[in-house]
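Student: Could you go through this protein with me and show how each label is earned?

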Amino acid sequence: MTLAVATLYRFVPLPDAVDLRPGLEALCLAHGISGTILLAQEGINGTVAGAGDDMAAFLGALRHGPLFGGRLHEMDCKLSGARATPFGRLKVRVKREIVAFDGGRTDPAAGGARPVAASDWNALLDRPDLLLIDTRNRFEVALGSFPGAIDPGMTRFSGFRAYADALDPARHPAVAMFCTGGIRCEKAGAYLRARGFGEVYSLAGGILRYLETVPEAHSRWRGDCFVFDDRIALGPGLVERPDHAPETLR
């Protein structure tokens, strides 16, 4: 049986994150969901797996059920498949941030990069004055990226701040960024805007949405996309790539 794998996030104020954790864990267990979900006062981020019908019910409850009171109705979610469960167990944790960056100082309501749909991304890449930045860690970049993208050489996403501080807004009138699912670009975009960059764009839904949406014949992506579970990497159409083994990432 092929399992459904959902990569989800929503950058939204959740001041009651601690109180939400028990109910979210119970909801996962009720639908046989495994994987990892992080809650913070700035939102939710996670990758989970489950049977198709259970996953659909679980995602519907997140978006429209009483637990989050409608705050996740615009939650970004990419669905892919797995031949076997990519997670050993369920972990629902409360953190300061849903992706470590600046200690939680980024305001989810402040706004950041302008999202560009996957179907429009190739046209943006043709812009001659564009600075294209891969905001992922260097071991992720090694598996695949967009040609011409800058690799900041980070081992942790928090290192993006030092990289961005060395950039001059006057020299880069247009900046575009991409990451796996979109959440890192939310934070990086807000940081760049706060530093005075005028035109800041991000790939809406991240690389996963691009691989899901853009036909391989028209894709600018080269290589595979690293994912943070036992599948290791996905290719066009979000198809699992079994030729990658964990030792290749060491």
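Below, a student asks about the labels and a tutor answers.

Tutor: This is a predicted model, where local features need pLDDT of at least 70, side-chain atom pairs count only at pLDDT 80 or more, and totals for chains, interfaces and linings use all residues. Residues are numbered from 1 along each chain as its sequence is written, and side-chain values use heavy atoms, with hydrogens and water left out.

Student: What makes the protein as compact as a globular protein of that length?

Tutor: We take the radius of gyration over C-alpha atoms, and the globule rule is 2.2 Å times the number of residues to the power 0.38. For 250 residues the rule gives 18 Å and the protein's radius of gyration is 18 Å, so it's as compact as a globular protein of that length. Along the principal axes, the C-alpha atoms fill a box of roughly 55 × 40 × 35 Å.

Student: How many helices and strands are there?

Tutor: Seven helices and 14 strands. Both are DSSP runs numbered from the N terminus: helices are H or I with at least four residues, strands are E with at least two.

Student: Why is Cys28 not bonded to Cys77?

Tutor: A disulfide is a pair of cysteine sulfur atoms within 2.5 Å. The sulfur of Cys28 has its closest cysteine sulfur in Cys77, 13 Å away, so that's too far for a bond. The structure holds zero disulfides.

Student: And is Cys28 buried or exposed?

Tutor: Buried means under 20% relative accessible area, exposed over 50%, and partly exposed in between (1.4 Å probe, protein chains only). Cys28 has 0% relative accessibility, so it counts as buried. Cys77, with 11%, is buried too. Of the protein's 250 residues, 51% count as buried.

Student: Why is strand β9 called largely enclosed?

Tutor: β9 covers residues 174-178, and five of its five residues are buried, so the rest of the structure largely encloses it. In a regular strand, side chains alternate between the two faces of the sheet. In β9, Ala174, Ala176 and Phe178 point one way, while Val175 and Met177 point the other way.

Student: How do you know which strands β9 pairs with?

Tutor: Two strands pair if DSSP finds at least two bridges between them. β9 has five bridges with β7 (residues 130-134), in the parallel sense, and Ile133 stands opposite Met177. With β10 (residues 199-203) β9 has four bridges, again parallel, and Ala176 stands opposite Tyr201 there.

Student: What makes the unit of β9, α6 and β10 right-handed?

Tutor: A crossover is right-handed if, with the strands pointing away from the viewer, the path from the first strand over the helix to the second runs clockwise. β9, helix α6 (residues 183-194) and β10 make a right-handed β-α-β unit.

Student: What counts as a nonpolar core?

Tutor: It's a set of buried Ala, Val, Leu, Ile, Met, Phe, Trp, Tyr and Cys residues joined through side-chain atoms within 4.5 Å. The largest one has 25 residues, and Leu8, Leu24, Phe58, Leu59, Leu62 and Phe68 have the most contacts inside it. Helix α1 gives the largest share, five residues.

Student: And why is Phe146 called buried, though it lies in a loop?

Tutor: Phe146 has a relative accessible area of 2%, so it's buried. Its loop runs between β8 (144-145) and α5 (160-165). Contact means heavy atoms within 4.5 Å, and beyond its neighbours within four places in sequence, Phe146 is in contact with residues including Trp121, Leu203 and Trp221.
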